[in-house]
Amino acid sequence: MNIPREEHYMKIALSLAKRGRGKVSPNPLVGTVLVKNGQIIGKGFHQRAGRPHAEVNALKDAGNKAIGADLYINLEPCCHYGKTPPCTDALIAHRIRRVFVGMVDPNPLVSGKGIKRLVKAGIQVTTGILEGEARKLNEVFTKYITEKMPFVILKVASTLDGKIATRDGDARWITGEKARTFVHQLRNEVDAILVGIGTVKRDDPQLTTRLPHGRGRDPHRIILDTHLAIPLSSKLLHLDSQAKTIIATAHHASSGKARKLEGLGATILTVPTLRGRINLKALLKKLGTRDITSVMVEGGRETITSFLEQGLVDKLYLFYAPKIIMGKEAIGITGGRGIPLLKDAIQVREVKVKRLGNDILIEGYLQK
């Protein structure tokens, strides 16, 4: 079935935008297509924060052909000075004829102003082309720029009976190779991974990105450690990695231990406590001030439970492996007292199911 021309070109712009995943934070993912006389004459996407935006790259690709062309872009062109000049000025200077926009920029500095600037210059603007797809693509940026807090993803690997480890704490490996590769692709795209101190002490993880052929970038590693109990020998303190290890701790934690950890290259982030534990919302706000736009929570059980209880999870990736551990002492996905009435259960919406090897991935968004 033929799709409308505007949607066809917008799909190309969205596909281009995806190429910036894991590289442009804290900026949005943006792709641009220039079309003239029914032919694509230029393409561009935002490749890295601080570098030229998608529009500028597409204009450069098209050269002199850009004059009088139509532009398709998944996000409203910017109209303010940041690390680069306003893209609206470049579009006006190149006498772009029409602009087709996927979604209005949620950034208060831009929101609608870029479109008004183009219209004032005599450029015809059409908005809402594949808006749903455009919004989903930049869901991380939208939350970050409007709430100043990172988008929180919860990743869990479980057996069919809901266990994330045996009674002895053995959790390697619940899922198969394809599922684990998928997780490393997710790590390559997020700004940070977060685990509790229990996971560090039990598993001694590296929390790095390990994709085939050495590809991928490491996200920052965030450890919830109220009392600075992390062993100085922990692997994640001795990595050859560009990413930071950030240890979130309480005001009363040992200053001597903190200095030793800083000597190993760790960043100590002091956060208020809530009922004797790290105040997660306060932590997320602090991470937002550090331009961390997305956090993937990977465990353990108490950390998972706390994020769910406090309503801080935006998106869920739940991997089910075709295994059964059994035993009341085996570690389940969540702990705590739980919800007394089923009507009060946390709802997951927009559920998708995918098979990865022998494992099943359930993806969805948590109802706030």
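Rings of Phe, Tyr and Trp (its six-membered ring) pair if their centres lie within 6.5 Å. Keep that cut-off at hand for the exercises below, and remember that this is a predicted model.

**Exercise 1. The aromatic pairs**

Task: Find how many aromatic pairs the whole structure holds, then classify the pair Tyr-72 and Phe-100 and the pair Phe-182 and Phe-319.

Solution.

Step 1. A search of the whole structure turns up 4 aromatic pairs.

Step 2. A pair of aromatic rings is described by the distance of the centres and the angle of the planes.

Step 3. For Tyr-72 and Phe-100, the ring centres are 4.5 Å apart and the planes stand at 10°, so this pair is stacked. The cut-off behind that step is that planes under 30 degrees apart count as stacked.

Step 4. Now place the two residues. Tyr-72 belongs to strand β3 and Phe-100 to strand β4 (residues 98–103), so their pair ties together parts that are 28 residues apart in sequence. Tyr-72 and Phe-100 are both buried.

Step 5. Turn to Phe-182 and Phe-319, with 6.0 Å from centre to centre and 65° between the planes: this aromatic pair is edge-to-face. Here the cut-off is over 60 degrees.

Step 6. Phe-182 sits in helix α7 (residues 177–189) and Phe-319 in strand β15 (residues 315–321); the pair links distant parts of the chain, 137 residues apart. Phe-182 and Phe-319 are both buried as well.

Step 7. One last look at the rings: Tyr-9, Tyr-72 and Phe-100 are linked into a cluster by ring pairs.

**Exercise 2. The open sheet**

Task: Work out the strand order of the open sheet of 5 strands, and say which helix packs on the sheet.

Solution.

Step 1. The order across this open sheet is β2-β1-β3-β4-β5, and the pairing is mixed.

Step 2. The edges are β2 (39–45) and β5 (124–126), each of which pairs on one side only.

Step 3. From one strand to the next, the twist averages 20°.

Step 4. Inside the sheet, look at strand β1 (residues 31–36) and strand β3 (residues 70–75): they pair in the antiparallel sense over 4 bridges. Within this pairing, Leu-34 stands opposite Leu-71 in β3.

Step 5. Helix α2 (residues 54–62) packs on the sheet, where it touches β1, β2 and β3. The direction of helix α2 makes about 140° with that of β2.

**Exercise 3. A run of parallel strands**

Task: Follow the pairing from β8 to β9, from β9 to β10 and from β10 to β11, and decide whether the residues of β8 and β10 are buried or exposed.

Solution.

Step 1. Strand β8 (residues 192–196) and strand β9 (residues 220–224) run parallel and are joined by 5 bridges. Ile-193 has Arg-221 as its bridge partner in β9.

Step 2. β9 and β10 also run parallel, joined by 4 bridges. Arg-221 has its bridge partner in β10 at Thr-245.

Step 3. β10 pairs with strand β11 (residues 267–270) in the parallel sense over 4 bridges, and Ile-247 stands opposite Ile-268 in β11.

Step 4. Check the cover on β8: 5 of its 5 residues are buried. Ala-192, Leu-194 and Gly-196 lie on one side, Ile-193 and Val-195 on the other, and both faces are covered.

Step 5. Do likewise for strand β10 (residues 245–249), where 5 of its 5 residues are buried. Thr-245, Ile-247 and Thr-249 point one way, while Ile-246 and Ala-248 point the other way.

**Exercise 4. The surroundings of Thr-305**

Task: Locate Thr-305, judge its burial and list its contacts beyond its neighbours within four places in sequence.

Solution.

Step 1. Thr-305 is found in helix α11 (residues 301–309).

Step 2. Its relative accessible area is 5%. Buried means under 20%, so Thr-305 counts as buried.

Step 3. With neighbours within four places in sequence left aside, Thr-305 is in contact with Thr-334, Gly-335 and Gly-336.

**Exercise 5. The whole chain**

Task: Judge how compact the protein chain is, using its radius of gyration.

Solution.

Step 1. Take stock of the elements: the protein chain has 11 helices and 18 strands.

Step 2. The radius of gyration is 23 Å, close to the 21 Å that the globule rule gives for 368 residues, so the protein chain is as compact as a globular protein of that length.

Step 3. Add the burial: 50% of the 368 residues are buried.

Step 4. Finish with the contacts between residues at least 6 apart in sequence: 71% of them join residues at least 24 apart.

Notes: Residues are numbered from 1 along each chain as its sequence is written. This is a predicted model: local features need pLDDT of at least 70, side-chain atom pairs count only at pLDDT 80 or more; totals for chains, interfaces and linings use all residues. Side-chain values use heavy atoms; hydrogens and water are left out. Two strands pair if DSSP finds at least two bridges between them. Helices (H or I, at least four residues) and strands (E, at least two) are DSSP runs, numbered from the N terminus. Axes are lines fitted to C-alpha atoms, for helices over the stretch in contact, and angles run from 0 to 180 degrees between N-to-C directions. Contact means heavy atoms within 4.5 Å. Buried means under 20% relative accessible area, exposed over 50%, partly exposed in between (1.4 Å probe, protein chains only). The radius of gyration is taken over C-alpha atoms; the globule rule is 2.2 Å times the number of residues to the power 0.38.
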